[in-house]
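Work through the exercises below with the sequence and the 3D view open. Try each task before reading its solution.

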Amino acid sequence: MKYILMMNTPGKGPYQVANWPKQDLQAHIAFMMSFNKKLGESGELVGAEGLAGPDQAKLVRAGKDGKPVTDGVFPEAKEFLAGYWIVDVESPERAYEIAAEASAAPGPGGEPLNMAIEVRQVMSGPPKDLL
Amino acid sequence: MTSRSLDVHTEHLLRDLAPRVLGALLRRFRDFGASEDAVQEALIAAATQWPREGVPANPRGWLIQVASRRIADHVRSEAARRRREEIVVSLVPPEQQIAMAAGGDGAAEKDDTLVLLFMCCHPALSTPSAIALTLRAVGGLRTSEIAAAFLVPEATMAQRISRAKQSIKASGVPFQMPTPEERAQRLGAVLHVLYLIFNEGYTASSGPELNRNDLSSEAIRLTRAVHGILPDDGEVAGLLALMLLTDARRAARTGPAGELIPLDEQDRSLWDRRAIAEGVALVTAALSGGSIGEYPLQAAIAAVHDEAARVEDTDWPQILALYGLLMRMSGNPMVTLNHAIATAMVHGPAAGLDLLKALDADERLAGHHRLDAVRAHLLERAGDREAAIAHFRKAAGRATSLPERNYLMMQAARLSDTPK
């Protein structure tokens, strides 16, 4: 079963990490890299992407003529999706375990961030007996 | 993946043969889409059978035979409604047909690679399509490998390739050398596609990995093949030199955790001296042959960097002069940006910052993180720490590559940490 693990971070800056001391930032980046590598090696990683900063994010709707109408950035938004992982695991518990590990990524002073990771199951294909 | 069980030698042999086999089939069957599919199937068959049964005595003949049988099968099934005797391939055994068609002419075969490149990089195709088709039809890569390199699902890549082949069919591009009048322009399109493949491998516009080495190596291999066919073309030699001189720094470009290490902080003892020597020789020959196109100039700049044993030995006045030449030739704002950096190195950061002001108005660079990043570096050198931090952060917020964003955030953090 597949799960998406979404990491939401406060809206200010490219990531809330922008104002951390260099040493803490370095530790955080190293953690994320080895975390991704480990997930890849265990065969559970389906995909992971970090998203570009919200500076250039746009809200798009179709106008009357069907052409895109874009709305600017929203600096006041409380949270932005910073990135996500999609994992293919044996059980929901395993997905929670992975999410908890990501949540405990080191923050300022090397303390675990314990940030909230939203875990949602990814829809699967239709059951075979319906086809 | 079957290819993993292949040794490197066989893998290279297969990939070198791919465009030549396709050329032979195209001269016989004309149909690009069907021939290309057939070659792909033959390559997969070889990748499965050769490791088990050994490489055949005549690998090219083997591939042609297998591929032409596949085509014959397709033709038969597609022509089911037609009368059997109309099917060209049914009377003469495929080996004989191909022997008649291919003729084993070495020169024609060598040119096939080039003609195929012209075809795959035809201006009628979108750039992503041209890249995908080039890697498959000329590079002999499997769809799954191309998909993995570009981090897209295999079905997406298969669709992209299939649409590209339809465009070629619809545009009626013949399998032949372009006319001499068209040739320079068409060669320019080929070199651009090869350059983009190299860059995709070198800087990886998305994804967490900084290098996707396979694409860079593939671009070098293909450019080397074109250089082999057109040894006197300065642009081709220049592009090959540029790739070699850039790729030579590969090992020094990333740290142990995959972090980006910029040119001025790299451990130069890790640079590939052999690649540098080859690149320098190529670019020297191209420039002394009177070629001062964009690729030889960019290669010359890379060579000046690569020839400096220490960063402080870099011959910046020469780099500045080369960027001056390049700027007159190309309207690319990235060249102007690099010219500003060289200016700062020669005449001081204030002179560089002045040049950046002109770029603020350039729409192609507006909001581009590279402009903010360069400004941050120059502001730091000018001693304006607070402004440098702000611009490093701004650049980080706009960067679209994870390693590059991390690097920019680290620069901001490094400056913030420094006691005032």
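**Exercise 1. Describe how helix 2 of chain B packs against helix 8 of chain B.**

Step 1: get the geometry. Helix 2 of chain B and helix 8 (residues 154–171) of chain B pack at about 145°, and their axes are 9 Å apart. Axes here are lines fitted to C-alpha atoms, for helices over the stretch in contact, and angles run from 0 to 180 degrees between N-to-C directions. Helices (H or I, at least four residues) and strands (E, at least two) are DSSP runs, numbered from the N terminus.

Step 2: list the partners. Helix 2 of chain B brings B:F32, B:G33 and B:E36, and helix 8 of chain B brings B:K165, B:I168 and B:K169. Two residues are in contact if their C-beta atoms, placed from the backbone, lie within 7 Å.

Step 3: sort by class. This contact has 2 nonpolar, 1 polar and 3 charged residues. Ala, Val, Leu, Ile, Met, Phe, Trp, Tyr, Cys and Pro count as nonpolar, Asp, Glu, Lys and Arg as charged, and the others, Gly among them, as polar.

A note on the model and its labels. It is predicted: local features need pLDDT of at least 70, side-chain atom pairs count only at pLDDT 80 or more, and totals for chains, interfaces and linings use all residues. Residues are numbered from 1 along each chain as its sequence is written, while chains are lettered from A and ligands numbered from 1 in the order in which they are written.

**Exercise 2. Decide how far to trust each chain.**

Step 1: take the averages. pLDDT is the predictor's confidence in each residue, from 0 to 100. Chain A averages 85, with 90% of the residues scoring at least 70. Chain B has a mean of 85, and 88% of its residues reach 70 or more.

Step 2: find the weak stretches. In chain B, pLDDT stays under 50 over residues 84–94, which have 13 contacts beyond four places in sequence in the model. Over residues 96–104 of chain B it is also below 50, and that stretch has 15 contacts beyond near neighbours in sequence. Where pLDDT is low, predicted coordinates should not be read in detail.

Step 3: check the elements of chain A. Strand 4 (residues 68–71) has the lowest mean pLDDT there, 86, and helix 2 (residues 92–103) the highest, 96.

Step 4: look at the complex. The predictor gives an ipTM of 0.79 and a pTM of 0.80.

**Exercise 3. Set out the fold of each chain.**

Step 1: count the elements. Chain A has 2 helices and 6 strands. From the N terminus their order is β-α-β-β-β-β-α-β. Chain B has 20 helices and 0 strands.

Step 2: gauge the extent of chain A. Its radius of gyration is 18 Å, whereas a compact globule of 131 residues would have one near 14 Å. The radius is taken over C-alpha atoms, and the globule rule is 2.2 Å times the number of residues to the power 0.38.

Step 3: compute burial. A residue is buried if 20 or more other C-beta atoms, placed from the backbone, lie within 10 Å of its own, exposed if 12 or fewer, and partly exposed in between. Buried residues make up 20% of the 131 residues in chain A. In chain B, 42% of the 420 residues count as buried.

**Exercise 4. Classify two residues with positive phi: buried or exposed?**

Step 1: take A:N114. It has a positive phi of about 50° although it is not a glycine. A:N114 lies in the loop between helix 2 and strand 6 (117–121) of chain A. It counts as exposed because it has 11 C-beta neighbours inside 10 Å.

Step 2: take B:R30. Its phi is also positive, about 70°, and it is not a glycine. B:R30 sits in the loop between helix 1 (8–29) and helix 2 (32–53) of chain B. With 11 other C-beta atoms within 10 Å, B:R30 is exposed.

**Exercise 5. Characterise the side of chain A that touches chain B.**

Step 1: count both sides. The contact takes 18 residues from chain A and 19 residues from chain B.

Step 2: find the main contributor. Helix 1 (residues 22–41) of chain A gives the most to the chain A side, with 7 residues.

Step 3: sort the chain A side. It has 10 nonpolar, 6 polar and 2 charged residues.
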